[in-house]
Amino acid sequence: MKYLSDICKHIVGRHWFEWFIIAVIVVNSSLIMATTYGADQTVDLIQEIILGFFTVELVVRYLASESNRAFFKSGWHLFDLFLVVTGYLPESLFPSGTCLLIFRIVRILRVLRLVRTSTELKLILAVLLRSFKTLIYNGIFFFIFFIMFARLGVSMFRIKNVPAGTEEAAESYLKEFSTLLSGDPYGSLGEAMFTLFRIMTGDDWTVLCYNLRAASEKGIIVATPAMIVGFHVCWFVLAAFLLLNLLVGAIVNNYQVIMDEVRRDKSEEERHAEAQRLLDEVRQN
């Protein structure tokens, strides 16, 4: 068993092993995309062969581990084990359409195995995980302003009720309203939040602003043109230039922290290796 473990450690430590697994993952990802064009028996057969490669890889990594605890302590090993196990489950076990859809989505997650093959990709993932707590607080702060502006938007820019009168006047009013705004962008809190999200992405927010001004001049909404322009400019500046930059700043800061940790660990490993080398020289002499 010790001899087999040493062989597996030797295999796992080789570059050709990593490159072979990368190639298998790339082929698997390509076949997953190909299945969107329809089922094919040849593709299914190749997928089964690839699943066998993943199983062998998992066994090799297990035998190369120092202990069972060391193997199952790694989140990547657990992720690989989960994907391999789900790969052997037949779709017939999931009669429900929703369950089958979730099962197929889980199989698509095999593409994420490319992350573990690259140090840089692992670093980026570590940054995102480290930033998760900070992003939650930033998201709460962002959400407060989101709700506040959405509520203000509903109060100021919601379409007024169709005035009472003849049917001709009502039809003319509705026609004018639909031409200008293509719906009521601030008709409800949910619709207002979606409108603010559109503005935050820069999706024709100036066109929306001009249409609201035109609607104001025709009496379709109660807000004045100055209120419309001021509201939308303030939101765009706050969301696009301040709140989003807070999120970017948090990620960049954590990236720098992790890079410093990686450099420190690498320096400690180099010092340890140098000390071990000197110790071996002393023993030889």
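**View 1. The whole chain is built from eleven helices and zero strands.** Welcome to this predicted model, in which local features need pLDDT of at least 70, side-chain atom pairs count only at pLDDT 80 or more, and totals for chains, interfaces and linings use all residues. Residues are numbered from 1 along each chain as its sequence is written, and side-chain values use heavy atoms, with hydrogens and water left out. Helices (DSSP runs of H or I, at least four residues) and strands (runs of E, at least two) are numbered from the N terminus. Along the sequence, the pattern reads α-α-α-α-α-α-α-α-α-α-α. Of the protein's 285 residues, 31% are buried; here buried means under 20% relative accessible area, exposed over 50%, and partly exposed in between, with a 1.4 Å probe and protein chains only.

**View 2. A nonpolar patch of about 520 Å² lies on the surface.** Its members are Trp 16, Phe 20, Leu 45, Ile 49 and Phe 53. Helix H2 (15-34) and helix H3 (41-64) are the elements that each give two or more residues to this patch, and H3 provides the largest share, with three. Phe 20 belongs to helix H2 and is partly exposed, at 37% relative accessibility. Patch residues have over 30% relative accessible area and no salt bridge; nonpolar side chains (Val, Leu, Ile, Met, Phe, Trp, Tyr) are joined within 5 Å, like charges within 9 Å. A salt bridge is a side-chain nitrogen of Lys or Arg within 4 Å of a carboxyl oxygen of Asp or Glu. Areas come from the Shrake-Rupley method with a 1.4 Å probe, and for residues only the protein chains shown count as cover.

**View 3. Helix H9 keeps its buried residues on the same side.** Ala 192, Met 193, Thr 195, Leu 196, Ile 199 and Met 200 are the buried residues in H9. They share one side because they cover an arc of only 160 degrees around the axis, taken from the directions from the helix axis to the C-beta atoms. An α-helix has 3.6 residues a turn, so residues three or four places apart point the same way. Just after H9, Gly 202 has a positive phi of about 80 degrees.

**View 4. Thr 206 sits in helix H10 (residues 205-217).** With a relative accessible area of 36%, Thr 206 is partly exposed. Its C-alpha atom is 9.2 Å from that of Val 233, although the two are 27 residues apart along the chain.

**View 5. Cys 8 and Cys 209 are cysteines to look for.** Cys 8 is buried at 5% relative accessible area, and Cys 209 is buried at 7%. The model has zero disulfides, counted as pairs of cysteine sulfur atoms within 2.5 Å.
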